[in-house]
Amino acid sequence: MRRITVIGGGVVGLTSALFLAREGFNVTLVESGRLFSGASGANLGILSYSLGLVDGLDPSLLRRALSTHKKLAEELGHSIKVSEIVVPLTQAKAIIRELTRGIAAVFRAKYGFKRVEKLGLSLVVDDTLLIDPLEYRDSLVRRIGELGVNVIENNGVEKLVGRGSRITEAILSNGSVIESDIYVLAAGPWSDEILRPQGIELGVESLKGYTILARVDENIDRVIGVDPVFMRPHQHRDDIVMIGGYKKPSGLDLEIDEKDIETMLDTAVKVGVKPLEVLEVRVGLRPCLEEPVTRIIKYDNLIVSTGHCRHGMLLAPQAADEIVRLARSM
Ligand SMILES: Cc1cc2nc3c(=O)[nH]c(=O)nc-3n(C[C@H](O)[C@H](O)[C@H](O)COP(=O)(O)OP(=O)(O)OC[C@H]3O[C@@H](n4cnc5c(N)ncnc54)[C@H](O)[C@@H]3O)c2cc1C
């Protein structure tokens, strides 16, 4: 059985660990904090065909990603909700850049202008699925447990050892050593740091964002988008709205800036979402490259996957499929 070490327990690493284990690889998943402690645990779980199109992603890739998500949810039992994104035209100023950038794409998507209660005339795109990232994590963790994946948390990779990109061992922060036949690096914005000794520079830029869980009297029944802020109903709680998004170039800084949170809450109020109490603020760094699509690069026995920016939840199963294909060819 060939041994694979997956470095990074975000959505890309965890989904890859599952797909690789299903293919019969002997998988170890190494995470420096807890699984989903990065952007993967701090995101909104919006899987949107149209947002992907606006960002220039390939329509067939997006269709495959959505269909794989539906199959995964059926197989593993986590919930998935069909939804739509409503962009109120009263907020058109905020979305004008998005619309002009992606106008052709938006027109190819299923869209329509409709009068929406309380929001007025709005652009409505109805090809969106919602998942709860933490529920996704838990159902995948259960399955990889059944498949015998070895999960190491709170003990990250300190150093990859080898000649150039032929890796012979991974040294963990507690000094232990893992030897594998193949290594998969899925460490999001931390990927460059880990690859530096190998002389590889991907140029990942981090964009900080937040998800605020707020208690509300009156919830919303679909996603409201006022880019860069999106609001969505909680997957299971009628009294909680998730207000998320926001984009801030940030290096690896994970500080929560109160001013950003206030701006996001103000944006929510502008479209009639009235938070009564902030229950939780999650912060994450989107791993972005020039193109907002997952980049998967193979070097000798090392596969690197990052760069999916604001579509990492959506694209993770497609990234994992490609990682399996490459690993099988090695
Ligand atoms: C506010 C916000 C909202 C978002 N909304 C959406 C959305 O609605 N839909 C969508 O599709 N995407 C969304 N995204 C984007 C999505 O969350 C990311 O693209 C995705 O989570 C990136 O996953 P990843 O596995 O590559 O990286 P990460 O989640 O960052 O995972 C990388 C992991 O590697 C670990 N790590 C780092 N260094 C080491 C090391 N040396 N050794 C071992 N482990 C290490 C980190 O601790 C981390 O857990 C959003 C992002 C944010 C911030």
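**Exercises on a predicted model**

Strand β13 (residues 223-226) and strand β14 (residues 229-233) run antiparallel and are joined by three bridges. The model is a predicted one: local features need pLDDT of at least 70, side-chain atom pairs count only at pLDDT 80 or more, and totals for chains, interfaces and linings use all residues. Residues are numbered from 1 along each chain as its sequence is written. Helices (H or I, at least four residues) and strands (E, at least two) are DSSP runs, numbered from the N terminus, and two strands pair if DSSP finds at least two bridges between them.

**Exercise 1.** Describe the surroundings of strand β13.

*Solution.*
- Step 1. A hairpin of two residues links β13 to β14. Within this pair, glycine 225 has phenylalanine 230 in β14 as its bridge partner.
- Step 2. Strand β4 (residues 81-88) is joined to β13 by two bridges, and these strands run parallel. Here valine 86 has isoleucine 224 in β13 as its bridge partner.
- Step 3. In a regular strand, side chains alternate between the two faces of the sheet. In β13, Val223 and Gly225 point one way and Ile224 and Val226 the other way, and all are buried. A residue is buried if 20 or more other C-beta atoms lie within 10 Å of its own, exposed if 12 or fewer, and partly exposed in between, with C-beta atoms placed from the backbone.

**Exercise 2.** Determine whether strand β18 (residues 302-306) is largely enclosed by the rest of the structure, and identify its partners.

*Solution.*
- Step 1. Five of the five residues of β18 are buried, so the strand is largely enclosed by the rest of the structure. Leu302, Val304 and Thr306 lie on one side, with Ile303 and Ser305 on the other.
- Step 2. Strand β17 (residues 295-299) runs antiparallel to β18 and is joined to it by five bridges. Tyrosine 299 has leucine 302 as its bridge partner in β18. The two strands form a hairpin with two residues between them, and aspartate 300 in the turn has a positive phi of about 35°.
- Step 3. Strand β11 (residues 182-185) runs parallel to β18 and is joined to it by three bridges. Leucine 185 has valine 304 as its bridge partner in β18.

**Exercise 3.** State whether leucine 185 is buried or exposed, and name residues that it touches.

*Solution.*
- Step 1. Leucine 185 is found in strand β11.
- Step 2. Because 29 other C-beta atoms lie within 10 Å, leucine 185 is buried.
- Step 3. Not counting residues up to four places away in sequence, leucine 185 touches Ile7, Gly8, Ser191, Ile194, Leu302 and Val304. Two residues are in contact if their C-beta atoms, placed from the backbone, lie within 7 Å.

**Exercise 4.** Characterise the packing of helix α3 (residues 59-76) and α8.

*Solution.*
- Step 1. Two packed helices are described by the angle between their axes and the distance between the axes. For α3 and α8 the angle is about 90°, and the axes are 8 Å apart. Axes are lines fitted to C-alpha atoms, for helices over the stretch in contact, and angles run from 0 to 180 degrees between N-to-C directions.
- Step 2. α3 and α8 are therefore roughly perpendicular to each other. Angles of 65 to 115 degrees count as roughly perpendicular, under 35 as roughly parallel, over 145 as roughly antiparallel and the rest as oblique.
- Step 3. Leu61, Arg64, Ala65, Thr68, His69 and Leu72 in α3 meet Leu314, Leu315, Pro317 and Gln318 in α8.
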